[in-house]
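Welcome to a short walk through some aromatic rings and one serine. Please open your viewer, show the side chains as sticks and follow along.

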Amino acid sequence: MAKIPAAQEARPAADAGAAPARAADAAGALETLAAQLAATAVERDRLGGHAAAERELIRASGLLRLSVPTAYGGAGANWSTVLAAVRRLAEADSALAHVFGFHHLQIAGVLLYGTPDQHAYFLQPTVERELFWGNALNPLDRRVVARAELDGYRIDGVKSFSSGSVGSDLLTFSAWHKPSGTALIAALPTGTEGITVNPDWDAFGQRQTDSGTVRFDHVRLESVHVLQAPGAEPTARATLRSQVAQLIMTNLYLGIARGALQEARRYVREDARPWFAAGVQRHADDPYVQERFGEFWLRVQAAQALADLAGLKLDAALARGPSVTAGERGEVAVAGAQAKVLAHRAALEVGSELFDVTGASSTASRHGYDRYWRNARVHTLHDPVAYKIRDLGRYALLDQLPEATAYS
């Protein structure tokens, strides 16, 4: 099978010795990267736009290869490890953690939908050149259409909410195939002729996720690029991709909640002054402040416990390979829904209520504490949490597993 054409290779071969070669080597790189992102997170949140320099820090860390199997030169980490990395980065900067997480989501898509030949075709260059994956797969936006043409397809249209597309080297996307009433899923180098990435993301949170629009104008698609052909029925294993996506979001929310809690703790211990009626010398000794921190702690710990459990269930299901059943896949979805609901609540509640314990001075713009709630509020709207709770209610009441969709 031919390689990705040289004209479309965005990067020279990387120095494999400069980055983690194994999952066990990644912890130090992760902590270094988190510190680097945290150092500029407040200012970059104000500015918005494309964080080109910080994305290069992610690339230089070697963590883009974390989820790539060792057979293709990657670190071969399980998803519990990848999700923990997303969580850690989200404590520092949830926008760049989103870009990082969605890079790995696209790799999961290649692995779950593609053939072994396609795995090698896309993933060996990903490792060799430290290529960054972006996304134009929004399944609810059917404006991008696929038309059969000779031995391939022609792709036209615009796709919204294309996270990580700006500055990406490779792009996973979906296109609606009207004759079959189903979606085609494919991957191409972002620099392919006819693909235009528009940096038009404009939201009050998650400002640097590069989630703008991508336009396809008469883009030619060869068979090697097609991960799921129109009309193909995805296997139970392939539908685990949606669970990877959901757990990336869960860990983003959990990271936001943990970051907000850590910063509130630091501020109360070091900067806040006690209320005059408290009768204490330190704000941290106020029993009402302690009670609120206890509530914050419980919310985060409960969400984290369920997120860790869901990650382990995902690992176990993926380890089953092609033999994983629809029922086993459904159990992963239940575990993921539980975790996502609690992480959703923890991020919104801790992100907004931290001001109750940090006080008026903490609202100064230099602290940027409002970013925790803004980022959580924007990202938790990705899909309605009420439908997760409905799914859990059906399971609790009727033993009914969630339907396999792009969101459940």
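Is Phe204 buried, partly exposed or exposed? Select Phe204 to begin: in this predicted model, Phe204 has a relative accessible area of 41%, so it counts as partly exposed.

**Stop 1: a stacked pair**

Keep Phe204 on screen and add Trp373. Their ring centres are 6.1 Å apart and the planes meet at 5°, so this pair is stacked. Colour by secondary structure and you will see that the partners come from distant parts of the chain, 169 residues apart. Phe204 belongs to the loop between β6 (195-198) and β7 (213-221), while Trp373 sits in helix α9 (residues 370-379). Trp373 is partly exposed as well, with a relative accessibility of 32%. The pair is one of eight aromatic pairs found in a search of the whole structure.

**Stop 2: an edge-to-face pair**

Now select Tyr267 and Tyr369. Here the ring planes stand at 90° with the centres 5.9 Å apart, so the pair is edge-to-face. This is another link between distant parts of the chain, with 102 residues separating the two: Tyr267 is in helix α6 (residues 240-270), and Tyr369 is in the loop between α8 (326-358) and α9. Both tyrosines are buried.

**Stop 3: Ser362**

Stay with Tyr267 and Tyr369 and add Ser362, which is in contact with both of them. Beyond its neighbours within four places in sequence, Ser362 also contacts Phe355 and His367. You will find Ser362 in the loop between α8 and α9. Its relative accessibility is 1%, and because buried means under 20%, Ser362 counts as buried.

What does the side chain of Ser362 reach at 2.6 Å? Show the backbone of Gly359: its oxygen is the partner. Then display Thr358, whose side chain makes a polar contact of 2.7 Å with the side chain of Ser362. For a longer-range view along the sequence, pick Ala272: its C-alpha atom is 8.2 Å from that of Ser362, although their positions lie 90 residues apart along the chain.

**Stop 4: charges over rings**

Select Arg371 and Tyr372 next. Arg371 lies over the face of Tyr372, 4.5 Å from the ring centre. Then move to Arg55 and Phe132, where the charged end of the arginine sits over the ring at 4.3 Å from its centre.

**Last stop: a ring cluster**

Which residues do ring pairs link into a cluster? Select Tyr121, Phe122 and Trp133 to see them together.

Notes
Residues are numbered from 1 along each chain as its sequence is written. This is a predicted model: local features need pLDDT of at least 70, side-chain atom pairs count only at pLDDT 80 or more; totals for chains, interfaces and linings use all residues. Side-chain values use heavy atoms; hydrogens and water are left out. Rings of Phe, Tyr and Trp (its six-membered ring) pair if their centres lie within 6.5 Å; planes under 30 degrees apart count as stacked, over 60 as edge-to-face and the rest as tilted. Helices (H or I, at least four residues) and strands (E, at least two) are DSSP runs, numbered from the N terminus. Buried means under 20% relative accessible area, exposed over 50%, partly exposed in between (1.4 Å probe, protein chains only). A charge sits over a ring if NZ of Lys or CZ of Arg is within 6 Å of the ring centre and within 35 degrees of the ring normal. Contact means heavy atoms within 4.5 Å. A polar contact is a pair of N or O atoms within 3.5 Å; within protein, one must be able to donate a hydrogen and the other to accept it, and residues adjacent in sequence count only if both atoms are side-chain atoms.
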